[in-house]
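Colleague: I'd like to understand how labels like "buried" or "pocket" get handed out. Could you take me through one example?

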Amino acid sequence: MSPHLLSVDSLNRDAVDHLIRLAERMEPIAQRRQVTRVLEGAVLGNLFFEASTRTRISFNAAFCRLGGSVCDTTGFTFSSMAKGESLYDTSRVMGGYVDAIVMRHPEQGSVAEFAEATRVPVINGGDGPGEHPSQALLDVYTISKEFARLGKPLAGAHLLLTGDLKYGRTVHSLIKLLSLYDPLRITLVSPPGLEMPQHLVDLVASRGHRIETRPSLAEDFADVDVIYATRIQRERFTAEMTESFTELTADFVVDRGFLDRRCSPTTVVMHPLPRDSRPGANDLSTDLNGDPRLAIFRQTDNGIPMRMAIFAHLLKVEEEIARDLREVRWFVPETFGVDDRTLKAQ
Ligand code: NCD
């Protein structure tokens, strides 16, 4: 693995498995049963030039849970980039201040360009419609945990990716990571004009997976193991696209009716979030809240151990973790959400 995490292209299957095992070791800390100070004294710089809630806060929390502290800036308005500073200068300056950097930026390739000017590890927190490697890692971690819970093998699994597959960076990174696994079946469903880029379809096919496209969700998906829904990324539309794309029709909606009629009782539903819950948005429906098939909050929870694993690996402290553990002394609720259930293996 390179000193940075800019794209999932830098990961092979061994590296992914290694990070998953490391994330498993982080679970007691992420679930607030144990505390470590292994990154005591280290500082993370979080540079977010695009909207974010979970990526920014979870990187922040993951670093703090390893004992480090965080400095962050959000938006261009309050950064010197608003005064015309280059990515190169900002990168070199930040490298002198902090020990690791997470960056999110609206332009594809910008985080890689930024990383060229520093030896401090840089993590791509999303570069426009490009990639979102840490999200893909927490997604495969989630998939592996859900399959283990259901007692199903991952080899040969059928995954359905739906929504905005053109501009959604999470699915771009995810499909590349999935292509490292034993042969899978991947079905793509997106509204016209928002299809998965062809080079990614070709890559997955060239690695021996069965990949097909369906026109909508108005079909039978009874053998689908995982549905990965995504938000329509209107903020990335060209003017032409904005004009022609009105709204997502009911044929693309993942809701309780769709799951009950067309899927199976063990289908796992994922989404990188945020889901657009405004009326008419037709994103992943809130009528699935409380349904055990809805894995979205288990998925967000998994972001902490996986991001801790990424930091521990890039900052080379993974062997120190076990040495430094103490018990938590503050109040920790039994579950983090009011709708959470303790899911037993089925
Ligand atoms: C996504 C992103 O920013 O790419 N969110 C996330 O990081 N979990 C998805 C989105 O914005 O739709």
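Modeller: Sure, let's go through the labels one at a time, and keep in mind that this is a predicted model.

Colleague: Let's begin with strand β5. Why is it described as largely enclosed by the rest of the structure?

Modeller: A residue counts as buried when its relative accessible area is under 20%. In β5, residues 122-127, six of the six residues are buried, so the strand is largely enclosed by the rest of the structure.

Colleague: And what makes β4 and β5 a pair?

Modeller: You need at least two bridges between two strands to call them paired. β4, residues 100-105, shares four bridges with β5, so by that cut-off they pair, and they do it in the parallel sense. Take methionine 103 as an example: its bridge partner in β5 is asparagine 124.

Colleague: Which helix goes with those two strands in a β-α-β unit?

Modeller: That's α4, residues 110-115; together with β4 and β5 it makes a right-handed β-α-β unit.

Colleague: Now strand β6. How do you know that both of its faces are covered?

Modeller: In a regular strand the side chains alternate between the two faces of the sheet. For β6, His158, Leu160 and Thr162 sit on one side, Leu159 and Leu161 on the other, and all of them are buried. That's five of the five residues in 158-162, so this strand is largely enclosed by the rest of the structure.

Colleague: Which strands does β6 pair with?

Modeller: Five bridges join β6 to β7, residues 185-189, and these two run parallel. Leucine 161 has leucine 188 as its bridge partner in β7. The chain gets from β6 to β7 through α6, in a right-handed β-α-β crossover. β6 is also joined to β9, residues 226-229, by four bridges, again parallel. There, leucine 161 has tyrosine 228 as its bridge partner.

Colleague: Let's move to the loops. Is leucine 294 buried or exposed?

Modeller: Its relative accessibility is 8%, and the limit for buried is under 20%, so leucine 294 counts as buried. You'll find it in the loop between β10 and α10. Leucine 294 is also 214 residues from serine 80 in sequence, and their C-alpha atoms are 41 Å apart in space.

Colleague: Why is asparagine 282 called partly exposed?

Modeller: Buried is under 20% and exposed is over 50%, with partly exposed in between. Asparagine 282 has a relative accessible area of 27%, so it falls into the in-between class. It belongs to the loop between β10 and α10. Its phi is near 55°, a positive value in a residue other than glycine.

Colleague: And what makes lysine 316 exposed?

Modeller: Its relative accessible area is 71%, and the cut-off is over 50%, so lysine 316 is exposed. Lysine 316 also has a positive phi, about 55°, although it is not a glycine. Its place is in the loop between α10 and β11.

Colleague: Where is the cis peptide bond?

Modeller: It runs from leucine 273 to proline 274, with omega near 5°. Proline 274 sits in the loop between β10, residues 268-270, and α10.

Colleague: On to the pockets. How can you find empty space in a model at all?

Modeller: Rolling a probe the size of a water molecule over the atoms shows where empty space is left. Here the largest pocket holds about 1300 Å³ of space. It is lined by 45 residues, and the closest to its centre are Phe297, Arg298, Asp301, Phe336 and Asp340.

Colleague: Which element supplies the largest share of that lining?

Modeller: α10, residues 296-314, with ten residues of the lining. By class, the lining has 17 nonpolar, twelve polar and 16 charged residues.

Colleague: What about the second largest pocket?

Modeller: That one has about 430 Å³ of space. Of its 21 lining residues, the closest to the centre are Arg104, Arg169, Arg231, Leu273 and Pro274. α2 and α6 each give two or more residues to the lining. It has four nonpolar, ten polar and seven charged residues.

Note on methods: Residues are numbered from 1 along each chain as its sequence is written. This is a predicted model: local features need pLDDT of at least 70, side-chain atom pairs count only at pLDDT 80 or more; totals for chains, interfaces and linings use all residues. Side-chain values use heavy atoms; hydrogens and water are left out. On a 1 Å grid over the protein atoms alone, a cavity is a set of points where a 1.4 Å probe fits but cannot get out, and a pocket is an open set with protein on both sides within 12 Å along at least five of seven lines; lining residues have an atom within 4 Å of a point. Grid points are joined across faces, edges and corners, and a volume is the space filled by probe spheres set on the points. Ala, Val, Leu, Ile, Met, Phe, Trp, Tyr, Cys and Pro count as nonpolar, Asp, Glu, Lys and Arg as charged, and the others, Gly among them, as polar. Buried means under 20% relative accessible area, exposed over 50%, partly exposed in between (1.4 Å probe, protein chains only). A crossover is right-handed if, with the strands pointing away from the viewer, the path from the first strand over the helix to the second runs clockwise.
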